[in-house]
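Let us walk through the empty spaces inside a protein model, and then through a sheet beside them. Keep the structure in view as you read.

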Amino acid sequence: MRESLDNSEIINLQRYPVNQPGDARRQQTVEQVRAQLAEDGCAVIRNFFSPAGLQVLLDEANARKANTYYSPTKLCNVYLNDGDEAYPEDHARNIFIPRSNGFITADCFDENSNAYRLYHWAPLKQFLADCLGKPELFIYEDPVSNMIVNVSKPGQLFNWHFDTNEFTITMLLRPASEGGDFEYVPALRSQQDEHYDEVKKVLRGDRSRVRQLKLQSGDLQFFLGRYSLHRVSENLGDTDRLLLIMSFTEKPGVLGNKQRVRNLYGKLSAEHERASVRSDGLVD
């Protein structure tokens, strides 16, 4: 297996010609994604990668698993911060639930890695923008968390949470053999309202609005995680679940919240000392 591939070799271009804007197959895919996102804020492109492309991305993740950061804090709220003493103990901000997954951070991938080059590939970025109905996407400027791998070993899970960015692009490199399901509650909050009571219902076990998605190796997922509560359930199998996450923004200059980045990834960079552009006033 080759250690490095051209970007055009990583993606299944026969089925998804992302680098050919005038191709009818590309336009059909864009329209399908937009329709799915309009329905519930989630869309999946199955078998997005070539077999060789999937393998090199998986090999890169496996080669860096020793660098996975696991937070010593095993309980988190859905905003992935330390809570707020200004609110009651049973408020959504102060309900803490287990989290045990880890992350391979962006700084573990240099500019020669396949994942890094794919993340910065202009034709892919424009394809993703078209699917999201955006004129342009910008690389998320957080040098710790803009492109990461979510690692879930057997017995581990990623708790209910909201994302910093309006949308996130994920690529499943390897699923859990059992469990490790993606679950979400579409549009649980809005830019104008946190809907704390609805968040609390989910945390207390109400699954009336919860949807579950079975992802497979090589799937590309679009998800509007800024407003939709979501989690990855416990890995009940005997293999690690590995998910490549690429984050983009509508505006340049967006960074992660310092407290959130430190809690999730165990480090900050010099970039985190400057003011970050924010898209709204929601709690992270």
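Which residues line the second largest pocket? They are Ile97, Pro98, Leu157, Asn159, Trp160, Val202, Leu203, Gly205, Asp206, Arg207, Val210 and Arg231. This is a predicted model, in which local features need pLDDT of at least 70 and side-chain atom pairs count only at pLDDT 80 or more, while totals for chains, interfaces and linings use all residues. Residues are numbered from 1 along each chain as its sequence is written, and side-chain values use heavy atoms, with hydrogens and water left out.

The pocket has a volume of about 160 Å³. On a 1 Å grid over the protein atoms alone, a pocket is an open set of points with protein on both sides within 12 Å along at least five of seven lines; a cavity is a set where a 1.4 Å probe fits but cannot get out; lining residues have an atom within 4 Å of a point. Points are joined across faces, edges and corners, and a volume is the space filled by probe spheres set on them. Strand E3 (97–98), strand E7 and helix H6 (196–203) each give the pocket at least two lining residues. Helices (H or I, at least four residues) and strands (E, at least two) are DSSP runs, numbered from the N terminus. The pocket lining divides into 7 nonpolar, 2 polar and 3 charged residues. Here Ala, Val, Leu, Ile, Met, Phe, Trp, Tyr, Cys and Pro count as nonpolar, Asp, Glu, Lys and Arg as charged, and the others, Gly among them, as polar.

Now the closed spaces. The whole structure holds 2 cavities of 30 Å³ or more. The largest contains about 400 Å³ of space. Its lining has 29 residues, with Phe158, His161, Asp163, Thr168 and Ile245 nearest the centre. Among the elements that each supply at least two of them are E7 (158–161), strand E13 (241–249) and helix H7 (258–265). By class, 14 are nonpolar, 11 polar and 4 charged.

The second largest cavity contains about 50 Å³. Val202, Asp206 and Arg207 are among its lining residues, and these three also line the second largest pocket. Its lining has 2 nonpolar, 1 polar and 5 charged residues.

Finally, the sheet. Four strands form an open sheet in the order E7-E12-E9-E10, paired antiparallel. E7 and strand E10 (211–213) are the edges; each has a single partner strand, so one side of each lacks a neighbour in the sheet. From one strand to the next, the twist averages 15°. Two strands pair if DSSP finds at least two bridges between them. E7 and E12 share 2 bridges. Phe158 has Val232 of E12 as its bridge partner, and Phe158 is also one of the residues nearest the centre of the largest cavity.

How values were computed:
Axes fitted to C-alpha atoms, helices over the stretch in contact; angles between N-to-C directions.
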